[in-house]
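Work through the exercises below with the sequence and the model open. Each task is followed by a solution in steps.

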Amino acid sequence: MARFAGAIALMMAGLPSVGALASSVTNNDAEDRQITIIEDNQQNQISLKPGERIDGVCLKGCILRLEGVEDGQYILVEGTEIVSIEDSVLFYDGAEKRRNEDGESEPPTK
């Protein structure tokens with residue numbers, strides 16, 4: 001749960017969003033998991049089988065909500081995050097490296 005709280009704090013720190021990038025979600029649980037993607041006032045539900053990963057999630061930033069858990073757990077995503085589901089919990093696992101038009105990694109912003 002500490003990783004979840006840390007993820008929210010990092011995302012609330014104002015990470016810049018980039019429209020050309022997207023996040024990914026991987027189900028590391030042993031059973032199917034349902035997530036709801038809330039983006040631009042629209043909700044889409046996706047089912048992930050064990051070990052399945054989806055890419056291209058949250059192009060403009062969104063809220064991911066894990067269905068079927070008591071606390072209604074959610075995570076804020078801004079476009080480059082790597083998210084996983086483990087033990088019925090959403091975790092922020094880092095961010096994809098931003099790339100410029102030439103495909104090279106961009107230096108971090110200050």
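**Salt bridges and burial**

Arginine 33 is buried, at 15% relative accessible area (buried means under 20%, exposed over 50%, partly exposed in between; 1.4 Å probe, protein chains only). The model is predicted: local features need pLDDT of at least 70, side-chain atom pairs count only at pLDDT 80 or more, and totals for chains, interfaces and linings use all residues. Residues are numbered from 1 along each chain as its sequence is written, and side-chain values use heavy atoms, with hydrogens and water left out.

**Exercise 1.** State the confidence of the model, overall and over residues 1-20.

*Solution.* Step 1: the protein chain has an average pLDDT (the predictor's confidence in each residue, from 0 to 100) of 76, and 66% of the residues score at least 70. Step 2: over residues 1-20 pLDDT stays under 50, and the model has 33 contacts for them beyond four places in sequence (contact: heavy atoms within 4.5 Å).

**Exercise 2.** Find the salt-bridge partners of arginine 33 and classify their burial.

*Solution.* Step 1: a salt bridge needs a side-chain nitrogen of Lys or Arg within 4 Å of a carboxyl oxygen of Asp or Glu; the structure holds 5. Step 2: aspartate 29 pairs with arginine 33 at 2.7 Å, N to O, and aspartate 29 is buried at 9% relative accessibility. Step 3: glutamate 31 also bridges to arginine 33, with the closest N and O atoms 3.2 Å apart; glutamate 31 is partly exposed at 46%.

**Exercise 3.** Describe the pair arginine 65 and glutamate 67, then name the network.

*Solution.* Step 1: their side chains form a salt bridge of 2.8 Å, N to O. Step 2: arginine 65 is partly exposed at 26%, as is glutamate 67 at 24%. Step 3: shared partners join Asp29, Glu31 and Arg33 into one salt-bridge network.
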